[in-house]
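Student: Got a minute to go through a model with me? I'd like to talk about side chains and pockets.
Tutor: Sure, put it up.
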Amino acid sequence: MQKVVLSEINLIHGSVDLPKGFEINREKIKNDIIKSFIDQKRINTNPKAYSYKDYIVPFSQPLQWLKDYLRDNIRVEHNLNLVLKSEHGNVLNPKEQLVLRNQIEPVNLINSPDYTLIYVVDCKQDSCELVIEYDDNRRKNRTWNLPVHNNHFYMFPATQKYFITENNSKQLNVILTINYEYI
């Protein structure tokens, strides 16, 4: 008897652990995302688009170091060669949540990303969760709930629908999303 895996859904997650003195300046990344939020620098200006609440993340050295760290460690640990496709930031006010969505373009799959990575820049402890929706053959619309933690990342196929639950804190929650192409 033989078993062949035809398809699987990978969820890679963990913390960004750098040696003392080499930590990522999350405060700079957070402030850049909040500035784009305040200045209304949106990825898409159509209020009916899923990406309406996605904000441009300007280049910064801490952001580049974070992206390099994630890409390199995922390549070493999981043998995935990833190329940056896009990125955006989200700011969740108290009682606000992100809508259920994925990161692909259904009419343009060839140019859609392969993986989505959610990085928690700054969220109050126990204030929200990442919920990933998936199908398990006949068992459709199942969900996997992950409590979010500062300085943690969660990577999964870009075809998976996900959302961030309601922000139950009194502070802003700041999330970074990075989309990758697998080569």
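Tutor: Start with a charge over a ring: R42 sits over the face of Y52, 3.8 Å from the ring centre. Keep in mind that this is a predicted model.
Student: Noted. How many aromatic pairs does the structure hold?
Tutor: Two aromatic pairs. Take F37 and Y55: their ring centres are 5.4 Å apart and their planes stand at 85°.
Student: Why is that pair edge-to-face?
Tutor: The planes are at 85°, and over 60 degrees counts as edge-to-face.
Student: Where in the chain do F37 and Y55 come from?
Tutor: F37 is in helix 1, residues 26-38. Y55 is in the loop between helix 1 and helix 2 (61-78). They are 18 residues apart, so the pair links distant parts of the chain.
Student: F37 first: buried or exposed?
Tutor: Buried, with a relative accessible area of 18%. The cut-off for buried is under 20%.
Student: And Y55, buried or exposed?
Tutor: Y55 is buried too, at 3% relative accessibility.
Student: Switching to pockets. How much space lies in the largest pocket?
Tutor: About 480 Å³. Its lining has 21 residues, and R101, N102, Q103, I104 and E105 are the closest to its centre.
Student: Which element gives the most to that lining of the largest pocket?
Tutor: Strand 2, residues 82-92, with four residues.
Student: What's the chemistry of the largest pocket's lining?
Tutor: Nine polar, six nonpolar and six charged residues.
Student: OK, and how much space lies in the second largest pocket?
Tutor: About 290 Å³. Strand 4 (residues 129-136) gives the most to the lining there, with four residues.
Student: Which residues line the second largest pocket?
Tutor: Among them are E8, I9, N10 and L11, then I132, Y134, D135 and D136. W144 and F156 are in the lining as well.
Student: How do the residues of that second lining divide?
Tutor: Six are nonpolar, three charged and two polar.
Student: Last topic: D126. Where is D126 found?
Tutor: In the loop between strand 3 (115-122) and strand 4.
Student: Is D126 buried or exposed?
Tutor: Exposed, at 63% relative accessibility. Over 50% is the cut-off for exposed.
Student: How many residues apart are D126 and V148, and what's the distance in space?
Tutor: They are 22 residues apart in sequence. C-alpha to C-alpha, D126 and V148 are 7.4 Å apart.

Note on methods
Residues numbered from 1 in each chain as written. Predicted model: local features only at pLDDT ≥ 70, side-chain atom pairs only at ≥ 80, totals over all residues. Heavy atoms only, no water. 1 Å grid on protein atoms, 1.4 Å probe; cavity = no way out; pocket = protein on both sides within 12 Å on 5 of 7 lines; lining within 4 Å. Points joined across faces, edges and corners; volume = space filled by probe spheres on them. Helix = DSSP H or I, 4+ residues; strand = E, 2+ residues; numbered from the N terminus. Nonpolar A, V, L, I, M, F, W, Y, C, P; charged D, E, K, R; others polar. Phe/Tyr/Trp six-rings, centres within 6.5 Å; stacked < 30°, edge-to-face > 60°. Buried < 20%, exposed > 50% of the residue type's maximum accessible area, 1.4 Å probe, protein only. Lys NZ or Arg CZ within 6 Å of the ring centre and 35° of its normal.
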